[in-house]
Amino acid sequence: MVNQKIAMQPTNFSSLSNEPPAALYEQVRRALQLWHKMDNENPLEQLLTFHPADAQEPVRQFVNSRLQMALAEMQHLHKDEAHLLQMRYLEGLTAETTAYRLDMSTPNLNKKQRKALQMLCGLLWQKEQAARNARQVRFLNHLEAPTYDRLFGVEKLATRVLQLLTTPQSPWLIMLEGMGGIGKTALADAVMRRAIAQHHFAGYGWVSARQQRFHLAGAIVPQTQPALTTVQLIEQLATQLVAASMSDDSFMLPVIANAETLARLNSILQAAPHLIVIDNLETLADLDALLPTLRRLANPTKFLLTSRASIYNETATYPFAIPELTEADALALVRHEATLRNQPDLAAASTAQLQPIYAAVGGNPLALRLIVGQTHIHSLPSILDDLRLARGEPVQNLYTYIYRQAWAALDERGQEVLLAMLHANPQGDALDFIADVSGMGSDDVRNALNYLVRLNLVDGRGGLNQRRYSIHALTRSFLQEQVLQWRD
């Protein structure tokens with residue numbers, strides 16, 4: 001069966017000026033001219049206030065009713081102008097007849113008519129702004145409170161991701177992937193907030209599959225929700241989008257996933273472009289179960305996914321790897337966090353004094369923030385020693401949060417190759433070098449690297465003709481001590 005989905009350009013809601021857009025005047029005039037027509041043309045479809053809640057309602061009936069309500073409201077402040085528009089368009093009188101009845105010349109009538117249309121445009125735009133503001137608040141309420149007050153090193157990444165999302169063509173599913181603590185959720189949150197503020201999409205949804213959270217005091221906090229299933233995904237999206245699409249905006253009760261709900265959700269997501277974020281798909285099993293459903297729901301709707309596991313081998317899904325922070329951005333984050341946490345000595349430290357932090361954990365934002373928090377209690381040298389020796393509960397919990405699940409997923413071959421990466425150059429080494437260090441055959445090393453790269457435990461860099469493999473500085477610190485305890 002041929003795919004009949006049509007790529008639709010996201011509705012342009014980007015203008016938030018107090019002044020109506022220049023094009024609105026002609027669109028309002030055209031809508032009034034169509035008052036007595038029976039077609040389904042809607043010149044005002046770019047306005048939120050002219051989107052019917054019930055798709056079954058005739059377009060002309062809906063548009064006319066909205067215009068009539070606006071004219072009735074306009075009559076309280078500008079009675080003569082509202083009456084003029086009523087005569088010209090609702091009653092369908094000619095300009096000459098209207099001018100005769102109002103006892104004015106036709107040129108004066110045309111001048112007053114233009115003024116009346118501008119007043120109506122202003123009134124409609126005020127209602128549009130109110131609707132947009134209410135809509136923005138409603139969608140922002142779907143998001144968790146951000147865990148940051150400023151992001152570092154993500155401006156270009158956010159711009160690139162938003163470009164991919166607002167392009168009215170594939171990719172429809174984009175995966176933000178990277179090791180734990182690298183900032184995938186923070187980037188997705190920043191992109192979503194920017195998209196909402198700029199009104200790029202007709203609607204938004206956010207579903208989280210997070211099983212635990214790492215508290216910056218060093219504790220792992222379990223989440224109450226179970227692992228995300230396809231049924232739960234449908235229920236959560238339906239609660240956010242299907243219920244919110246009904247005329248009664250207060251109806252936000254949980255929705256039971258069934259064939260009718262899925263059909264309604266599919267209709268909403270394909271009628272106009274939406275942006276849906278599904279956060280923390282931490283296991284490949286989650287992806288295997290969810291991807292077929294997401295592909296059915298996509299186009300023109302876009303899905304932004306986050307996961308520690310790479311999906312570079314999945315068709316129709318765009319992998320977007322999140323790099324660690326550069327040294328400059330990492331140290332800027334340290335200074336900023338130190339300022340927020342009232343650590344003036346750390347905030348004023350020189351680059352040479354802070355460089356050992358970057359050498360120990362690289363550009364992992366979560367680890368960097370934990371180090372800053374620990375300086376309230378311990379000296380910086382002792383904190384870095386704890387990281388290298390996997391000593392102390394906060395550090396052990398950090399390693400458990402980032403690595404434990406991935407380590408447990410490795411077979412013995414994968415574990416041996418990962419340990420061999422300790423001997424690799426920080427800028428990377430070739431597969432033959434890793435095979436020599438590990439004492440394993442090239443085929444076994446290649447298969448192990450395939451899986452290690454998918455789990456974002458190893459970075460594969462280079463061009464078409466040569467690849468080099470390396471590990472993050474934090475991964476190196478983890479392997480030196482913590483992994484030996486886990487193996488024991």
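This section describes the overall make-up of a predicted model, followed by its aromatic pairs, one helix, one loop residue and one hairpin.

The protein comprises 488 residues, of which 48% count as buried. Its secondary structure consists of 20 helices and nine strands. Among contacts between residues at least 6 apart in sequence, 72% join residues at least 24 apart. The exposed surface of the protein amounts to about 23400 Å², with 52% of it supplied by carbon and sulfur atoms.

Seven aromatic pairs are present in the structure. In one of these, the ring centres of Phe 214 and Tyr 401 lie 5.5 Å apart and the ring planes meet at 40 degrees, so the pair is classed as tilted; the class covers angles that are neither under 30 nor over 60 degrees. Distant parts of the chain are linked by this pair, since Phe 214 belongs to strand β3 (residues 212-214) and Tyr 401 to helix α16 (residues 393-408), with their positions 187 residues apart in the numbering. Both Phe 214 and Tyr 401 are buried. A second tilted pair is formed by Tyr 399 and Tyr 403, with 6.2 Å from centre to centre and 45 degrees between the planes. Tyr 399 and Tyr 403 are both located in helix α16, four residues apart, which corresponds to about one turn of the helix. The relative accessible area is 0% for Tyr 399, which is therefore buried, and 1% for Tyr 403, which is likewise buried; the cut-off for this class is under 20%. Ring pairs also join Tyr 399 and Tyr 403 with Trp 407 and Phe 478 in a cluster.

Charged side chains are placed over two of the tyrosine rings. The charged end of Arg 308 sits over the ring of Tyr 401, at 4.8 Å from the ring centre. Tyr 401 is thus involved both in this arrangement and in the pair with Phe 214. Arg 88 lies over the face of Tyr 89, with a distance of 5.6 Å to the ring centre.

Helix α13 (residues 351-361) has Leu 354, Ile 357, Tyr 358, Ala 360 and Val 361 as its buried residues. Viewed down the axis of α13, these residues fall within an arc of 165 degrees, and therefore line one face of the helix. They pack against α11, α12, α14 (365-374), α15 (380-389) and α20 (473-487). On the face turned away from the buried side, α13 carries the exposed residues Ala 352 and Ala 359. The residue that follows α13 is Gly 362, which has a positive phi near 65 degrees.

Arg 341 is situated in the loop between α11 (327-340) and α12 (344-347). With a relative accessible area of 23%, Arg 341 is partly exposed, because the value falls between the limits of 20% and 50%. When residues up to four places away in sequence are left out, Arg 341 touches Leu 216, Arg 369, Val 372, Gly 373 and His 376. Of these contacts, His 376 is 35 residues from Arg 341 along the chain, and the C-alpha atoms of Arg 341 and His 376 are 8.6 Å apart.

Strands β8 (residues 459-462) and β9 (residues 467-470) pair in the antiparallel sense over four bridges. The two strands are joined as a hairpin through four residues. Within this pairing, Asp 459 is opposite Ser 470 in β9.

Conventions
Residues numbered from 1 in each chain as written. Predicted model: local features only at pLDDT ≥ 70, side-chain atom pairs only at ≥ 80, totals over all residues. Heavy atoms only, no water. Pairing = 2+ DSSP bridges. Phe/Tyr/Trp six-rings, centres within 6.5 Å; stacked < 30°, edge-to-face > 60°. Buried < 20%, exposed > 50% of the residue type's maximum accessible area, 1.4 Å probe, protein only. Lys NZ or Arg CZ within 6 Å of the ring centre and 35° of its normal. Contact = heavy atoms within 4.5 Å. Areas by Shrake-Rupley, 256 points an atom, 1.4 Å probe, with all protein chains shown as cover. Arc of directions from axis to C-beta.
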